[in-house]
Amino acid sequence: GNVPVYVDRSADIEKAARFIVASKAFDHSTICATEQTIIADRPIAQRLAQLMQAEGAYFTTEVQTEALRKALFHPDGSLNTAVIGKSAVYVAGYAGFQVPAGTRVLVAPISRVGRDEPLSHEKLTTVLAWMVVDGWEQGCETSIATIETGGKGHTQIIYATDQNVIMAFGLEKP
């Protein structure tokens, strides 16, 4: 599974932040239904990031994000088994950087999903990709692109309270 999680502007973002970090940290993210890419609606993205940080998420810099690409995946695109199911502190150290003690998950900002962006693939470790989108329609498109990158027909998550967004979003999924 390559599970996208869309967090809409109508979501209970405190709940979303708490649940996403807890889920990704559980068993060091070895469960295939665990979140892989957060797709945050722009109006709530900054606050969601702050709330996730309060839950133990560490947002990586560009240099650290590049280091994660190289640490998590081999040049042929296959997963590096040395980091599967490892703690965020271990994965960061393996990639060559340090994070605060108590870091539960690493969050790596990306700008696209697809074959040419390794971090938009399933990771099976304590690393989440992070994308910011404008509105549920773009969130929906990005979610579909994510599951088409690996995980079609598997799992998709949405945090929203707007019933129209939830219904439209759900009807768009393969």
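Is Y6 buried or exposed? In this predicted model, Y6 has a relative accessibility of 0% and therefore counts as buried. The points below start from the nonpolar cores, then turn to the aromatic rings, to helix α2, to the buried residue D41 and finally to a loop with two unusual backbone angles.

**Nonpolar cores**

- The largest nonpolar core has 26 residues, and those with the most contacts inside it are V7, I20, I38, L48, M52 and W130.
- Several elements build this core, since at least two residues of it come from each of β1 (3–7), α1 (13–25), β2 (35–41), α2 (42–54), β3 (57–59), β4 (105–109), β5 (127–133) and β6 (157–159).
- I20 gives a close view of such packing: once its neighbours within four places in sequence are set aside, I20 is in contact with V5, V7, E35, I38, M52, L128 and Y159.
- Another core, of 21 residues, lies apart from the largest one, and V91, A95, F97 and L106 are among its members.
- As a general background, nonpolar side chains in soluble globular proteins tend to be buried together.

**Aromatic rings**

- The count of aromatic pairs comes to three.
- One of the pairs is formed by Y6 and F169, whose ring centres are 5.2 Å apart and whose planes meet at 15°; because planes under 30 degrees apart count as stacked, this pair is stacked.
- The pair of Y6 and F169 links distant parts of the chain, as Y6 belongs to strand β1 and F169 to helix α6 (residues 163–172), with their positions 163 residues apart.
- F169, like Y6, is buried, and the relative accessible area of F169 is 1%.
- A ring can also have a charged partner: K86 lies over the face of Y90, at 5.5 Å from the ring centre.

**Helix α2**

- Helix α2 has 13 residues, which at 1.5 Å a residue should span 18 Å, and the end C-alpha atoms of α2 are 19 Å apart, so the two values agree.
- Within α2, the residues I44, A45, L48, A49, L51 and M52 are buried, and what covers the buried residues of this helix includes β1, α1, β2, β3, β4 and β5.
- After α2 comes G56, which has a positive phi, near 110°.

**The buried residue D41**

- D41 lies in strand β2, and its relative accessibility of 0% means that D41 counts as buried.
- The side chain of D41 makes a polar contact with the side chain of R9, at 2.7 Å.
- A polar atom of the D41 side chain also lies 2.9 Å from the backbone nitrogen of G135.
- If residues up to four places away in sequence are not counted, D41 touches Y6, V7, D8, R9, V133, D134 and G135, so that Y6, the residue of the opening question, appears here again as a buried neighbour.

**The loop between α1 and β2**

- D27 has its place in the loop between α1 and β2, and D27 has a positive phi of about 50° although it is not a glycine.
- H28 is found in the loop between α1 and β2 as well, and H28, which is not a glycine either, has a positive phi of about 50°.
- D27 counts as partly exposed because its relative accessibility is 46%, and H28 is partly exposed with a relative accessible area of 33%.

Definitions and conventions
Residues numbered from 1 in each chain as written. Predicted model: local features only at pLDDT ≥ 70, side-chain atom pairs only at ≥ 80, totals over all residues. Heavy atoms only, no water. Core = buried A, V, L, I, M, F, W, Y, C linked by side-chain atoms within 4.5 Å. Buried < 20%, exposed > 50% of the residue type's maximum accessible area, 1.4 Å probe, protein only. Helix = DSSP H or I, 4+ residues; strand = E, 2+ residues; numbered from the N terminus. Contact = heavy atoms within 4.5 Å. Phe/Tyr/Trp six-rings, centres within 6.5 Å; stacked < 30°, edge-to-face > 60°. Lys NZ or Arg CZ within 6 Å of the ring centre and 35° of its normal. Expected span 1.5 Å × (residues − 1). Polar contact = N/O pair within 3.5 Å; in protein donor to acceptor, adjacent residues only side chain to side chain.
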